[in-house]
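User: Could you take me through one part of this model in detail? I'd like to see how the strands in the middle of the chain are put together.

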Amino acid sequence: IFNSRINKHNATEVGSNQRINELTDLRGQVAGIRASQAVIQFRTDGTIIEANEHFLNTTGYSLAEIQGKHHSIFVDPSYRVSDSYKQFWQRLANGECQKGEFKRFTKDHKEIWISAYYTPILDKYGRTAKVVKYATDITEHKLQLAEFSSQIRSINRSRAVIHFETDGTIIEANDLFLQALGYELDEIR
């Protein structure tokens with residue numbers, strides 16, 4: 001009986017140590033995410049609970065200025081009143097993750113773009129307890145893409161352009177190219 005009690009105690013101690021190690025690992029992972037991502041937490045209705053320094057620096061707000069306010073302070077006024085925005089928060093409240101690239105606005109109304117995951121956090125009953133957003137500011141990347149797109153459109157308006165596969169097969173040609181050589185795209189593609 002004594003050995004049985006010792007074995008149960010040792011098994012409990014091993015299980016407890018394993019849980020401590022798992023909790024320590026999870027805390028380390030969360031700390032790593034918070035150190036590298038803009039993170040903000042919401043109630044299921046979109047009310048802001050808290051935000052980390054990365055998020056506050058990205059948006060120009062202090063925590064006191066946003067805590068208790070609704071997420072809608074970061075979105076365009078026309079989107080704020082849309083059915084799409086209401087559905088966005090309804091899906092989150094229902095436990096559906098929302099991810100993508102989102103246009104948002106800073107405290108001084110400057111447009112920014114973020115790549116974000118809005119992640120519902122479930123309670124022990126499987127209900128959404130809160131929503132956590134993990135985001136990265138991609139504004140510079142979006143601006144560069146817009147610049148490149150503008151340059152390409154400009155080139156296509158002023159130059160004859162043709163696109164090839166690496167083996168020389170024609171993929172695409174712009175109107176200036178087709179007009180200069182007298183072809184239809186279907187004839188050369």
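Analyst: Here's a walk along three strands, then a look at the chain around them. Keep in mind that this is a predicted model, where local features need pLDDT of at least 70, side-chain atom pairs count only at pLDDT 80 or more, and totals for chains, interfaces and linings use all residues. Residues are numbered from 1 along each chain as its sequence is written, and side-chain values use heavy atoms, with hydrogens and water left out.

Start with S3 (residues 98-105), which pairs with S4 (residues 111-122) in the antiparallel sense through eight bridges; strands count as paired if DSSP finds at least two bridges between them. Strands here are DSSP runs (E, at least two residues), helices are H or I runs of at least four, and both are numbered from the N terminus. One bridge sets Lys103 against Trp113 of S4. The two strands make a hairpin with five residues between them, and His109 in the turn has a positive phi of about 65°.

S4 then carries on to a second partner: nine bridges join S4 to S5 (residues 128-137), again antiparallel. Ala116 has Ala135 in S5 as its bridge partner. This is a hairpin too, with five residues between S4 and S5 and a positive phi of about 85° at Gly126 in the turn.

Zooming out, the chain has eight helices and seven strands. Its mean pLDDT (the predictor's confidence in each residue, from 0 to 100) is 86, with 84% of residues at 70 or more. Confidence is lowest in helix H1 (residues 2-36), at a mean of 67. Where pLDDT is low, the predicted coordinates shouldn't be read in detail.
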